[in-house]
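Visitor: I would like a close look at a single part of this protein, namely its salt bridges. Please take me through them with some care, and set them against the chain as a whole.

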Amino acid sequence: MDALEGGLLGPDPGALSPEQIEELRKIKIQTRIANEKYLRTHKEVELLLSGFFRQLFLERPGNILEFAADYFTDPRLPSKIHTQLIKDKKAA
């Protein structure tokens, strides 16, 4: 097996048995379903991410990491999300 960048090893197709592969597939599906249910019940996650991307594309900062740090540590952010949640509930 060849080493990848950073010394990591590449995929080893024979590492898992067919039963293990099937079990892994089932776990992946269950995880995706659980994640989808979580996101559907927590609208604030969508609002946080969509607001972040909206501002990112509007401002197009040179330093994205600094922009993200500033965005997510803005003390007004919880209030903005709360206001948007109320606005969305009234519109529904």
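Guide: What follows looks at the charged pairs one after another, with the setting of the whole chain before them and a loop residue after them.

The model shown here is predicted, and the distances and accessibilities below are computed from it. The protein chain has four helices and zero strands, so that its pattern, read along the sequence, is α-α-α-α. Its radius of gyration is 20 Å, whereas a compact globule of 92 residues would have one near 12 Å. Taken along the principal axes, the box filled by the C-alpha atoms is roughly 50 × 35 × 20 Å. Of the 92 residues, 12% count as buried, and the accessible surface of the chain comes to about 8000 Å², with 60% of it belonging to carbon and sulfur atoms. Among contacts with a separation of 6 or more, 30% are accounted for by residues 24 or more positions apart.

As for charge, the chain carries 14 positive and 14 negative charges, and the mean positions of these two sets lie 12 Å apart. Side chains of opposite charge can pair when their charged atoms come close. In this structure there are five salt bridges, and the pairs described next are among them.

One pair lies in helix H1, which spans residues 18-41. Here Glu36 forms a salt bridge with Arg40, and their closest N and O atoms are 2.8 Å apart. Because the two residues are four positions apart in helix H1, about one helical turn separates Glu36 from Arg40. The partners are covered to unlike degrees: Glu36 counts as partly exposed at 40% relative accessibility, whereas Arg40, with a relative accessible area of 67%, is exposed.

Another pair belongs to helix H2, residues 43-59, where the side chains of Lys43 and Glu46 meet in a salt bridge with an N to O distance of 3.3 Å. The spacing in this case is three residues, and it therefore again amounts to about one helical turn between Lys43 and Glu46. Lys43 is partly exposed, its relative accessible area being 34%, and Glu46 is likewise partly exposed, with a value of 47%.

Further along the sequence, Asp74 forms a salt bridge with Lys80, and the closest N and O atoms of this pair are 3.6 Å apart. Asp74 has a relative accessible area of 15% and is therefore buried, the cut-off for that word being under 20%. Its partner Lys80, by contrast, is partly exposed, with a relative accessible area of 44%. This pair also has a link to Arg76, since salt bridges that share partners join Asp74, Arg76 and Lys80 into one network.

One more charged residue deserves a look, this time for its backbone. Arg60 has a phi near 45 degrees, which is a positive value in a residue other than glycine. Arg60 is placed in the loop between H2 and helix H3, the latter covering residues 64-72. With a relative accessible area of 65%, the Arg60 residue is exposed.

Taken together, the pairs followed here comprise Glu36 with Arg40 in helix H1, Lys43 with Glu46 in helix H2, and Asp74 with Lys80, which are joined with Arg76 in one network.

How values were computed:
Residues are numbered from 1 along each chain as its sequence is written. This is a predicted model: local features need pLDDT of at least 70, side-chain atom pairs count only at pLDDT 80 or more; totals for chains, interfaces and linings use all residues. Side-chain values use heavy atoms; hydrogens and water are left out. The radius of gyration is taken over C-alpha atoms; the globule rule is 2.2 Å times the number of residues to the power 0.38. Buried means under 20% relative accessible area, exposed over 50%, partly exposed in between (1.4 Å probe, protein chains only). Contact means heavy atoms within 4.5 Å. Accessible areas come from the Shrake-Rupley method with a 1.4 Å probe; for residues, only the protein chains shown count as cover. Lys and Arg count as positive and Asp and Glu as negative; His and the chain ends are not counted. The place of a charge is taken as NZ of Lys, CZ of Arg, CG of Asp or CD of Glu. A salt bridge is a side-chain nitrogen of Lys or Arg within 4 Å of a carboxyl oxygen of Asp or Glu.
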